[in-house]
Amino acid sequence: MTRQDTYQAVTADIVAAIEAGTPPWQPRWDGGQQSALPLRVCNTPYRGINVLALWVAAERRGYGASHWMTYRQAQELGGQVRKGEKACKVIKAGKAVSRDTRDLPEDEQRHVNFMRQYAVFNVEQIDGLPGRFAASLAPVPAPSRSAFSDWFGRTGIALKVTGNMRAFYDPANDYVHMPPQEAFASDAAHAGTLLHEAIHATGHKSRVGRDLGMNDAAYALEECVAEIGAAMVAAATGCQRCPVEDHASYVDAWRKVAKDPQAIVKAASAAQTASDWLIARAGGMAIQ
């Protein structure tokens, strides 16, 4: 499978899941459980498109464990991938010294970007691993309203709350507008909406800078960025959230994105950058 095939497959799976009402970043609320960021064997989170690819695979196959590893890594830990188990493809991106400049002094070497695929397995597909890799979706307690408000305040993004029942980001005046918190069905619904709008706000030129949707294609991509980014922030900080409920709008946005297999990579990369910015500014969320 080529990288292009991987992008197309991930996008198609996401569109199908959204149409079914079960996007891969949808929190699993049974007992307060929520999907976490997928983790490498060394406990560092995967990033960008790999987060989506592994969320999709976990959702489709019913995995509750966060860790993924290669066949060789499993063997080195004393584990064995069960016969017949299928791997999930992830992508490694980086920079390497160009072959024709390897023999030159370091300051004269030229670097080129590279991307390659490799196969990983969820720990639920592997027998004999150490106990620390036991499959579980840990309960995630919800931050209190004050804790979540403190977290958002640390981002430095202006917030206006009025009786207007629309939630939106105003790029011209650089502020997020929200309805009163009591207008939301739950704290998690309020958190999901505010995180979504906060991701939009990161696109301002004073933050990470991003095309905020001056045409249909850019708008569709930005809506995907906002919802993926909100899910990444929630997973990284342990915040319970409900995704923004606008089913028809997001199905339409993802269908537009799906026309360009590279768009899913752009959306995931932009969402990662946006979530990184928010977390760097505001940190984690205290449970109070």
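Asn43 sits in the loop between α1 and α2, where helices (DSSP runs of H or I, at least four residues) and strands (runs of E, at least two) are numbered from the N terminus. The model is predicted, so local features need pLDDT of at least 70 and side-chain atom pairs pLDDT 80 or more, whereas totals for chains, interfaces and linings use all residues. Residues are numbered from 1 along each chain as its sequence is written, and side-chain values use heavy atoms, without hydrogens and water.

**Exercise 1. Backbone angles**

Task: State the phi of Asn43 and of Asp174, and classify each residue as buried or exposed by its relative accessible area.

Solution.
Step 1. Asn43 is not a glycine, yet its phi is positive, about 80°.
Step 2. The classes are buried (under 20% relative accessible area), exposed (over 50%) and partly exposed in between, with a 1.4 Å probe and protein chains only. With 49% relative accessibility, Asn43 is partly exposed.
Step 3. Asp174, also a residue other than glycine, has a positive phi near 55°. Asp174 is placed in the loop between β7 (168-170) and β8 (175-178).
Step 4. The relative accessibility of Asp174 is 18%, so this residue counts as buried.

**Exercise 2. The chain as a whole**

Task: Give the secondary structure of the chain, its share of buried residues, its exposed area and the range of its contacts.

Solution.
Step 1. The chain has eight helices and eight strands.
Step 2. Of its 288 residues, 48% are buried.
Step 3. The exposed area is about 14,200 Å², with 50% supplied by carbon and sulfur atoms. Accessible areas here follow the Shrake-Rupley method with a 1.4 Å probe, and for residues only the protein chains shown count as cover.
Step 4. A contact means heavy atoms within 4.5 Å. Taking contacts between residues at least 6 apart in sequence, 72% join residues at least 24 apart.
Step 5. One long-range pair is Ile14 and Val56, which are 42 residues apart along the chain and have C-alpha atoms separated by 7.0 Å. Ile14 belongs to helix α1 and is buried, at 0% relative accessible area.

**Exercise 3. Salt bridges**

Task: Count the salt bridges, then describe those of Arg47 and Arg82.

Solution.
Step 1. The criterion is a side-chain nitrogen of Lys or Arg within 4 Å of a carboxyl oxygen of Asp or Glu. It yields six salt bridges.
Step 2. Arg47 pairs with Asp276, with 2.5 Å between the closest N and O atoms. Asp276 lies in helix α8 and Arg47 in the loop between α1 (3-19) and α2, so the pair ties together parts that are 229 residues apart in sequence.
Step 3. Both partners are partly exposed: Asp276 has a relative accessible area of 29%, and Arg47 has 43%.
Step 4. Arg82 bridges to Glu85, the closest N and O atoms being 3.4 Å apart. Arg82 is partly exposed at 30%, and Glu85 is partly exposed at 29%.
Step 5. Arg82 also bridges to Asp127, here with the closest N and O atoms 2.9 Å apart. This pair links distant parts of the chain, 45 residues apart: Asp127 is in strand β5 (residues 126-127), and Arg82 is in the loop between β2 (80-81) and β3. Asp127 is partly exposed, at 40%.
Step 6. Through shared partners, the salt bridges join Arg82, Glu85 and Asp127 into one network.

**Exercise 4. The second largest pocket**

Task: Find the volume of the second largest pocket, then describe its lining by residue, element and class.

Solution.
Step 1. On a 1 Å grid over the protein atoms alone, a pocket is an open set of points where a 1.4 Å probe fits, with protein on both sides within 12 Å along at least five of seven lines; lining residues have an atom within 4 Å of a point. Grid points are joined across faces, edges and corners, and the volume is the space filled by probe spheres set on the points.
Step 2. The volume comes to about 380 Å³. The lining has 14 residues, and those closest to the centre are Arg47, Ile49, Asn50, Ile91 and Ala93.
Step 3. Two or more lining residues come from each of α2 (49-61), β3 (88-97), β4 (111-122) and α8 (261-282). The most come from α8, which gives four.
Step 4. The lining has six nonpolar, five polar and three charged residues. Here Ala, Val, Leu, Ile, Met, Phe, Trp, Tyr, Cys and Pro count as nonpolar, Asp, Glu, Lys and Arg as charged, and the others, including Gly, as polar.
Step 5. Asn50 lies in helix α2 and is buried, with a relative accessible area of 6%. Apart from its neighbours within four places in sequence, Asn50 contacts Val90 and Ile91.
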